[in-house]
Amino acid sequence: MSVLDVRRLRVFYGTPGRPVRAVDDVSLQIGEGEVLGLVGESGSGKSTLGRGILGLLPEGARADGEVLYGGRNLVGLSQKELRRLRGPDLGLVFQEPMTRLNPLLRISDHFRETLKQHEPRLSDDERRRRSLETLGRMGIPPTRFRQYPHEFSGGMRQRIMIALALVLRPKLLVADEPTTSLDVIVEGQILALLADLKRNFDTALLLITHNLGIVAEACDRMAVMYAGKIVEEGPVRDVFADAAHPYTRELLRSTISLETTELHSIPGAPPDLIDPPPGCRFHPRCPHAMRVCAERLPEEQRLEGGRRVQCWLHGPARGIPAGGELPLQRQTIGVADEA
Amino acid sequence: MRPEAIVDPPEPAAAPLVSIRDLQTHYSIRGNFAERLVGREAGVVHAVDGVTLDIRRGEVLGLVGESGSGKTTLGRTLLGLVPATGGSVRFDGQEIAGLPERRMRELRRQIQVVFQDPHASLNPAMTIGQAVGHPLQIHGIERNRARLRLRVAEVLERVGLAPAEQYLDKYPTDLSGGQKQRAVIARALILDPVLLVADEPVSMLDMSVRAKILELMLALKRDFDLTYLYITHDLATARFFCDRIAIMYLGRIVEIGPAPAIYADPKHPYTRALLRAIPEPDPERAVPRDLPRGEVPDAAQPPLGCHFHPRCPLAFEPCGWESRDLRELLEAHWARLAGEPDVEEEQALFGDLAPLGRPSTEVRLAAPRGRSAEEMLALLERIRREASDEPFWRGVRRLEAVDGHLELDFHEPQSPQLAASGGVAVECHLYGMSTASVAQPNRDSPTGEPSSGS
């Protein structure tokens, strides 16, 4: 059973000239209690996808396609209807916790407001008990319930934000780089909390991150995003063991970790999303690019073990014209073009 | 409190480029508006609190720590951007702590800096050519515009922004993050510096770009005979980049040594935790569950004894246990039980915990009206039984109910000192406690490190 079913979602940002195709024909499913890692570099469209799912797109953005939740398509719902769903059904955790907490309100007030809005029938006592319990599970003691946001450290504020989302028992939590502004030990603490959501709260998690280490340790499945498209998706173990898309492989090789023995970087730079390259978006940087890759958009191919990939190396053969599998001739990339 | 451990060593054959001795950089903080009005200080932040280390010529020294460790302040003190409040910083034999700005400016030609955020480091109204050439103008080195442009082009090509004509007249917004950081590096290089302070130079860049910038910096170091102070929170990139690593925590160097030794056999519990916390791209590894609790505490009121003791899984008697640790113990207990009915009654038993916020090794709490000190004692004993391996209890010397008061004494705190241990120097009671109650740094080496003998 999937909690959320995204089908052929597109998100465009209007610019004076042509639109930016931030999310370009993306399909994605998240199962109940599953932790799905959405990974990509800056500008890949991963944050826009997260916001698109929650209907939190900025002015001037347009979405089409389907975001199915509980049988309803969220694309096209009014802001009022979306607000009713956000919170009790779809929770959200951002990168910068301080900007999301009202500095003038006590932590207790944040919880009271949230619960009053979405579960007005709860008694005062019940509200308080639920708030304290959820905060406690996030490691925030009841003695600090009546303090203000500025009295907490960065890691504690992020714990409070997560508790504030979880107190409504959402079916899905979208966390956009929730640990990026935190130190590495605190990041580890928060990731441990998020990885245990299923056990403790029965909540599915869409974890948006640029850090493949986080995906490896905390996620069940992963989707790799490049230039607005999901180029590969599958169980974390399988993708790490044998990445199907050349971009995934390059990304894995360029990740610097304690186990890294040699430095590697991907030549070239991510494309302009106003005027992306024709064919496969990655072909100008791809070490295996074929002639077809510069001409035709790869079709999505299903692989064994519930995996899928968009890359001509995996076919289908019928889509490749005669001579299309020959190596692509191209110009060399300048030293700093990658940067 | 800390014994003066630094003796003037005989100058070795190659004197270090930078010698930092017992450096202190403290900031005054002022409290509320009324206090600010009358100029009263609310406290002092000990951002750098007695740091001794050398930067050797031609090496890359990694200064690694979390936010709040003081690593950036140490770098800024070295650059003369914040004044040292104590100790000494010698650059090439010359004392720079307390140097007037005019003299410091001359030195800054030799000490250049690359900051974390390339977007904020470049003036959006200046072209790349203007920005990179600016230091030559400020220092009055090159006034001829044609020659200046030629020199700028040369440096741009050296950092990979080639052909330079493509970049000279562009504005920062036209460049990607990595290209901007290359321009920032070019601007630092154009003055022919001796020392480059690089404060998180790659942490805002995408993974696919980091390796390129690190490789560029290593090539530049080789070609221009540079010395680097690499300030970072990231032990993974530091492993590639650094010859030696210094781990910093709340203003102190807690471990320092050759990079291979630090990674192969980390000694300080904090170093071990930092290494364990790095997310590894290995799906067979789960998120580590045994990380130190809490966060880096406030440097205005650091924990007694070893600053790391409240988070340390191995802390024992002398590490500095105190009243605030009792508060943490109670709060963690109540967080675990949050939402259960007993908690509020337990909280009422201990009442306001604010008095425990004043650091003390002797705690005396009166039982609230209608309750007894024996009940308070019983609750603590129950917490102890639930987790008897909690390091806190090793620090407790006496715990009893006396005359309606709960009394609790901790062992006397001792501040650890940096001392040699197996090829590195470490500031931790787990090492070197056997020889003396307080370990003295190795007298042969001012940094506490065993001399390499080379």
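User: In this predicted model, which residue of β12(A) is the bridge partner of A:Glu233?

Analyst: The bridge partner of A:Glu233 in β12(A) is A:Arg308.

User: What makes strand β10 (residues 229-235) and strand β12 (residues 307-310) of chain A a pair?

Analyst: Two strands count as paired once DSSP finds at least two bridges between them; two bridges join β10(A) to β12(A), so the criterion of at least two is met, and the two strands run antiparallel.

User: Why are β6 (90-93) and β11 (300-303) of chain A placed at the edges of the sheet?

Analyst: The open sheet has eight strands in the order β6-β7-β8-β3-β9-β10-β12-β11 (chain A), with mixed pairing. Each of β6(A) and β11(A) has a single partner strand, so one side of each is left without a neighbour in the sheet. Neighbouring strands of this sheet are turned by 20 degrees against each other on average, with direction ignored.

User: What packs on this sheet by way of β9 and β10 of chain A?

Analyst: That is α10(A), whose direction makes about 100 degrees with that of β9(A).

User: How do you know that β6 (residues 111-114) and β7 (residues 195-199) of chain B pair, and in which sense?

Analyst: The threshold is at least two bridges, and β6(B) and β7(B) pair over four bridges in the parallel sense; within this pairing, B:Ile111 stands opposite B:Leu195.

User: Which residues of β6(B) point one way and which the other, and are they buried or exposed?

Analyst: B:Ile111 and B:Val113 point one way, B:Gln112 and B:Val114 the other, and all are buried, the term requiring 20 or more other C-beta atoms within 10 Å of a residue's own.

Technical notes: Residues numbered from 1 in each chain as written. Chains lettered and ligands numbered in written order. Predicted model: local features only at pLDDT ≥ 70, side-chain atom pairs only at ≥ 80, totals over all residues. Buried ≥ 20, exposed ≤ 12 C-beta atoms within 10 Å, placed from the backbone. Axes fitted to C-alpha atoms, helices over the stretch in contact; angles between N-to-C directions. Contact = placed C-beta atoms within 7 Å.
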